[in-house]
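Student: I should like to understand how the descriptions applied to this structure are justified. May we go through them one at a time?

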Amino acid sequence: MVSYILKRLAMSLLIIYIVISLSFFMIRLMPGSPMAALEAQLRMQGGLSEVEIQQRISAVYSVTPDAPVWEQYVRYVWGAVRGDLGRPITNPGTTVVAVIAEALPWTIMVVAVSLIISFVIGIAVGAMMAAFQSSRFSQSMTFVVSFLSAIPSYLVAIALLYVLTSVYQVFPSGGAYGIDVTPGFNGPYLISVLYHAILPIAASVITSFGGWALGMKGSAVSVLGAEYVRAAESRGLSDRRITQSYVGRNSMLPMVTQLALSVGFMFGGSVFIETYFQYPGIGFYMIQSVGQRDYSLMMGCFVLITVSVIITNLLVDLLYPLVDPRIANPAARARAADKPADPDQEVLPAGGSMA
């Protein structure tokens, strides 16, 4: 188990290092040379000496433009490890980390709430579709969730904006909270935050719960035909016990893995949703940085989204053995694969027991 954890930690750190390295070279290889463009912009403004121009570029990109490439690379990686991702071109008075720290809670709130709601609804609908797979309900819901899953989230966002903010004016069209409330831990502010988050969350849930439903249906249907389920049925176990202890638990295993991957996808998907709703999250600032050629802020957001995917996958890798202990024990998997079936032995579900 210890070696399994260490391997996963080492692999995650290696991937994070590769992402940071790629962000360094992407800045240098961007069309138009972002550092050269910033240098030209500063020269046009006037009033700055050559040393001040180089210092400004160094502060923005966390590198010294006239230094050797290897030295720039070492400084950039060391700065990223220490949490120094440079300064935004559009607001050099602050840092990229400060902008991200201000925007991150809003994105986390929308992504977390959307993910939980869509996961719970999708799993419940998918389990019902699998339990009644020959019924009209299952056929109708399969069409509905397939249709919703195929719609891009930004189209749903536009539709919600038009219907519920322009036509009926039920919800606000943008922002994280009302301008007439005082930020802080008080009732009016919290209510305003929830009120402004309803549409971004709804746009994400409507287009994402269908994927969970289809995934859960496929997983449950495959588990229903497993040998240990048929063995449990032949032993006369109740349908409720079979559904909870055998079908439900084993159907959830692949869904747990998808749950981690979906965090990264929802972070990426929030880019368009936050932009249309003018919601001040990571995606909103990423789109702004692209339009304003603010590559330091853009790469900071990119690194954050990528690292979030890596960390969530690491957490799932560490939690997965608790669901199925054989994952962290290759010898146990090998023995289970090589051991001949014993007709007098009870058939157990993966990661569970008959009790």
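**Reasoning from values to terms**

Tutor: Let us begin where H8 starts: a side-chain oxygen of Asn-186 comes to within 2.9 Å of the backbone nitrogen of Tyr-189. Please note that this is a predicted model.

Student: What makes the pair formed by Asn-186 and Tyr-189 at the start of H8 a polar contact?

Tutor: A polar contact requires N or O atoms within 3.5 Å. The side-chain oxygen of Asn-186 lies within 2.9 Å of the backbone nitrogen of Tyr-189, so the pair qualifies.

Student: How do you know that helix H8 is not straight?

Tutor: A straight helix of 38 residues would span 56 Å, whereas H8 (residues 187–224) spans only 48 Å between its end C-alpha atoms. H8 bends by about 35° at Ile-198, and Pro-200 follows within four residues.

Student: Why is Gln-169 called exposed?

Tutor: Exposed means over 50% relative accessible area. Gln-169 has 61% relative accessibility, and therefore counts as exposed. Gln-169 is in the loop between helix H7 (153–167) and H8.

Student: Why is Gln-278 called partly exposed?

Tutor: That term covers relative accessible areas between the 20% limit for buried and the 50% limit for exposed. Gln-278 has 44%, so it is partly exposed. Gln-278 is in the loop between helix H10 (239–276) and helix H11 (282–291).

Student: What makes the phi of Gln-169 notable?

Tutor: Most residues other than glycine have a negative phi. The phi of Gln-169 is near 55°, a positive value in a residue other than glycine. Gln-278 also has a positive phi, near 55°.

Notes:
Residues are numbered from 1 along each chain as its sequence is written. This is a predicted model: local features need pLDDT of at least 70, side-chain atom pairs count only at pLDDT 80 or more; totals for chains, interfaces and linings use all residues. Side-chain values use heavy atoms; hydrogens and water are left out. Helices (H or I, at least four residues) and strands (E, at least two) are DSSP runs, numbered from the N terminus. The expected span of a helix is 1.5 Å times one less than its number of residues. The bend at a residue is the angle between axes fitted to the seven residues ending there and the seven starting there. A polar contact is a pair of N or O atoms within 3.5 Å; within protein, one must be able to donate a hydrogen and the other to accept it, and residues adjacent in sequence count only if both atoms are side-chain atoms. Buried means under 20% relative accessible area, exposed over 50%, partly exposed in between (1.4 Å probe, protein chains only).
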